Amino acid sequence: QVQLVESGGGLVQAGGSLRLSCTSSQRTLSLYAIGWFRQPPGKERVFVAAINRSGSKTKSADSVAGRFTISRGNGWNTVYLQMNHLTPEDTALYYCAARPDFLGSDTYYSEATAYNQWGQGTQVTVSS
């Protein structure tokens, strides 16, 4: 198992940017497919972006495509979610999730049920 820690959330004005980080101190995230999800107040958790183990493939939700970018850090123990042109509709608790890929299938997953490890979340609030 891997313990995930999200950071980088905060309060930002509309049009601004934030970069979220997902890290693990116990194991390298290079062996895991990683996803970012978010849960707006009073709503269900939804998919935001995902990246495969090698970092060669990514997928983003239509609502964030062109504004958010998921990537792996050079040290391979961090996955980032760069968020630009933020709007109040992006306000949510953001979670990262991990799925082991020890067999090297090297794919990404947009379904929350595909992941078995979750962080505690980091709050992003966008003011108008």
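Is Leu-18 buried or exposed? In this predicted model, Leu-18 is buried, its relative accessible area being 15%, a value that falls under the 20% limit for that class. The residue belongs to strand E3, and the paragraphs below set this strand in the context of the whole chain before returning to individual positions.

The chain contains 11 strands and 0 helices, so that, read from the N terminus, the order of elements is β-β-β-β-β-β-β-β-β-β-β. The radius of gyration is 14 Å, close to the 14 Å that the globule rule gives for 128 residues, and the chain is therefore as compact as a globular protein of that length. The C-alpha trace spans about 45 × 30 × 25 Å along its principal axes. Of the 128 residues in the chain, 44% are buried, while the accessible surface amounts to about 6500 Å², with 47% of it belonging to carbon and sulfur atoms. When contacts between residues at least 6 apart in sequence are considered, 62% of them join residues at least 24 apart. As for charge, the chain carries 11 positive and 8 negative side chains, and the centres of these two sets are separated by 5 Å.

The structure holds 1 disulfide, formed by Cys-22 and Cys-96, whose sulfur atoms lie 2.1 Å apart. The link is right-handed, with 65 degrees about the S-S bond. Because Cys-22 lies in strand E3 (residues 18–23) and Cys-96 in strand E9 (residues 92–100), the pair ties together parts of the chain that are 74 residues apart in sequence. Both ends of the link are buried, since Cys-22 has a relative accessible area of 0% and Cys-96 likewise has a relative accessibility of 0%.

Strand E3, which contributes Cys-22 to the disulfide, also includes Leu-18. With neighbours within four places in sequence left aside, Leu-18 is in contact with Gly-8, Gly-10, Val-12, Leu-81, Gln-82, Met-83, Leu-86 and Val-124. Leu-18 and Phe-68, which are 50 residues apart in sequence, have a C-alpha to C-alpha separation of 9.6 Å.

Gly-8, one of the contacts of Leu-18, is placed in the loop between strand E1 (5–7) and strand E2 (10–13). Whereas Leu-18 is buried, Gly-8 is partly exposed, with a relative accessible area of 35%. Beyond its neighbours within four places in sequence, Gly-8 is in contact with Leu-18, Arg-19, Leu-20 and Thr-122. The C-alpha atoms of Gly-8 and Cys-22 are 9.0 Å apart, although the two residues are separated by 14 residues in sequence.

A further set of contacts with the disulfide-bonded Cys-22 involves Thr-78, which is found in strand E8 (residues 78–83). Thr-78 counts as buried because its relative accessibility, 17%, is below the 20% cut-off. Setting aside neighbours within four places in sequence, the residues in contact with Thr-78 are Ser-21, Cys-22, Thr-23, Leu-29, Ser-71, Arg-72 and Gly-73.

Several positions in the loops were also examined. His-85 is found in the loop between E8 and E9, where it is exposed, with a relative accessible area of 52%. The phi angle of His-85 is near 50 degrees, a positive value in a residue other than glycine. Asp-106, placed in the loop between E9 and E10, also has a positive phi, near 55 degrees, in a residue other than glycine. The loop between E9 and strand E10 (117–118) holds Leu-103 as well. Leu-103 is exposed, with a relative accessible area of 86%, in contrast to Leu-18, which is buried at 15%. Leu-103 and Leu-31 are 72 residues apart in sequence, and the distance between their C-alpha atoms is 9.1 Å.

Methods:
Residues numbered from 1 in each chain as written. Predicted model: local features only at pLDDT ≥ 70, side-chain atom pairs only at ≥ 80, totals over all residues. Heavy atoms only, no water. Helix = DSSP H or I, 4+ residues; strand = E, 2+ residues; numbered from the N terminus. Buried < 20%, exposed > 50% of the residue type's maximum accessible area, 1.4 Å probe, protein only. Contact = heavy atoms within 4.5 Å. Rg over C-alpha atoms; globule rule 2.2 N^0.38 Å. Areas by Shrake-Rupley, 256 points an atom, 1.4 Å probe, with all protein chains shown as cover. Lys, Arg positive; Asp, Glu negative; His and termini not counted. Charge placed at Lys NZ, Arg CZ, Asp CG, Glu CD. Disulfide = S-S within 2.5 Å.
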